[in-house]
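Here are my notes on the chain you sent over. Have the structure open next to you while you read, and click on each residue as it comes up.

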Amino acid sequence: MTSLRSSLLLPATLFAAVTSAGAQDAQYPTHAAPVDTPIYKCGGTYTNVNCGGPQVNSHRVTKTFDKNQLPPQDRARKMARAMLPPETRDKCNSLETQIRQEERRLKTKQEPVTEAEEGDLAIQRVHYREMRC
């Protein structure tokens with residue numbers, strides 16, 4: 001029984017050594033072949049020969065947004081503002097433009113910003129929040 005086992009073990013070992021050595025020498029492809037042949041639109045007909053027209057079966061990105069990303073906050077502001085009466089909406093718009101202009105003016109100002117200017121801007125922001133704009 002041992003002679004049979006040893007006689008089978010030797011060829012099996014040689015076979016495993018030869019196949020593993022052959023597998024190391026094998027060259028694997030470094031790039032994948034295209035799944036579909038390209039199709040081009042030439043005038044009113046379609047062909048697989050490049051005629052200068054656009055390729056119609058090229059791979060496109062189907063998802064251009066992140067579904068986990070929160071919606072932009074300006075959308076929430078617009079929805080909240082839509083519930084306000086028209087007079088309040090107009091006041092909110094004018095107050096928002098005044099705040100943005102004042103912020104730009106203070107940012108580009110050469111001299112240091114005074115406390116009175118910062119206080120005026122803070123008061124405008126408080127009014128903006130109190131109106132629930």
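1. Let's start small: is Thr47 buried, partly exposed or exposed? Thr47 has a relative accessible area of 25%. Buried would need a value under 20% and exposed one over 50%, so Thr47 is partly exposed. Do keep in mind that the whole thing is a predicted model.

2. Where does Thr47 sit, and what does Thr47 touch? Thr47 is part of strand S2. Leaving out residues up to four places away in sequence, the partners of Thr47 are Pro38, Ile39, Tyr40 and Cys42.

3. Now look at Tyr46, which also belongs to strand S2, a run covering residues 45–47. Tyr46 has a relative accessible area of 53%, so this residue counts as exposed. Again not counting residues up to four places away in sequence, Tyr46 touches Ile39, Tyr40, Lys41 and Val56. Try the distance tool on one of these: Tyr46 and Val56 are ten residues apart along the chain, and their C-alpha atoms are separated by 8.9 Å.

4. Time to zoom out. The chain contains four helices and two strands, and if you walk along the sequence you meet them in the pattern α-β-β-α-α-α. Of the 133 residues in the chain, 11% count as buried. The accessible surface adds up to about 11800 Å², with 58% of that belonging to carbon and sulfur atoms. As for contacts with a separation of 6 or more, 32% of them in the chain come from residues 24 or more positions apart.

5. Next, the helices. Two packed helices are described by the angle between their axes and the distance between those axes. Helix H2 (residues 73–82) packs with H3 at an angle of about 145 degrees, and their axes are 10 Å apart. The crossing of this pair is right-handed. On the H2 side the contact uses Arg77, Arg81 and Ala82, while H3 brings Arg89, Cys92, Asn93 and Glu96. Sorted by class, the residues in this contact of H2 with H3 are two nonpolar, one polar and four charged.

6. What about H3 and H4, and at roughly what angle do their axes cross? Helix H3 (residues 86–108) and helix H4 (residues 115–130) have axes that come within 10 Å and cross at roughly 155 degrees. Angles over 145 degrees count as roughly antiparallel, so H3 and H4 are roughly antiparallel to each other. H3 passes H4 in a left-handed crossing.

7. Which residues make that meeting? From H3 you will find Cys92, Leu95, Glu96, Gln98, Ile99, Glu102, Glu103, Arg105 and Leu106. They meet Glu117, Leu121, Gln124, Arg125, His127 and Tyr128 in H4. The contact of H3 with H4 has six nonpolar, three polar and six charged residues.

8. Here's one last residue to click on: Asp120, which lies in helix H4. Is Asp120 buried, partly exposed or exposed? Its relative accessibility is 48%, so Asp120 counts as partly exposed. Asp120 and Glu102 are 18 residues apart in sequence, and from C-alpha to C-alpha they are 9.3 Å apart in space.

Notes. Residues are numbered from 1 along each chain as its sequence is written. This is a predicted model: local features need pLDDT of at least 70, side-chain atom pairs count only at pLDDT 80 or more; totals for chains, interfaces and linings use all residues. Side-chain values use heavy atoms; hydrogens and water are left out. Axes are lines fitted to C-alpha atoms, for helices over the stretch in contact, and angles run from 0 to 180 degrees between N-to-C directions. Angles under 35 degrees count as roughly parallel, over 145 as roughly antiparallel, 65 to 115 as roughly perpendicular and the rest as oblique. A crossing is left-handed if the near helix is turned anticlockwise from the far one by less than a right angle, and right-handed if clockwise. Contact means heavy atoms within 4.5 Å. Ala, Val, Leu, Ile, Met, Phe, Trp, Tyr, Cys and Pro count as nonpolar, Asp, Glu, Lys and Arg as charged, and the others, Gly among them, as polar. Buried means under 20% relative accessible area, exposed over 50%, partly exposed in between (1.4 Å probe, protein chains only). Accessible areas come from the Shrake-Rupley method with a 1.4 Å probe; for residues, only the protein chains shown count as cover.
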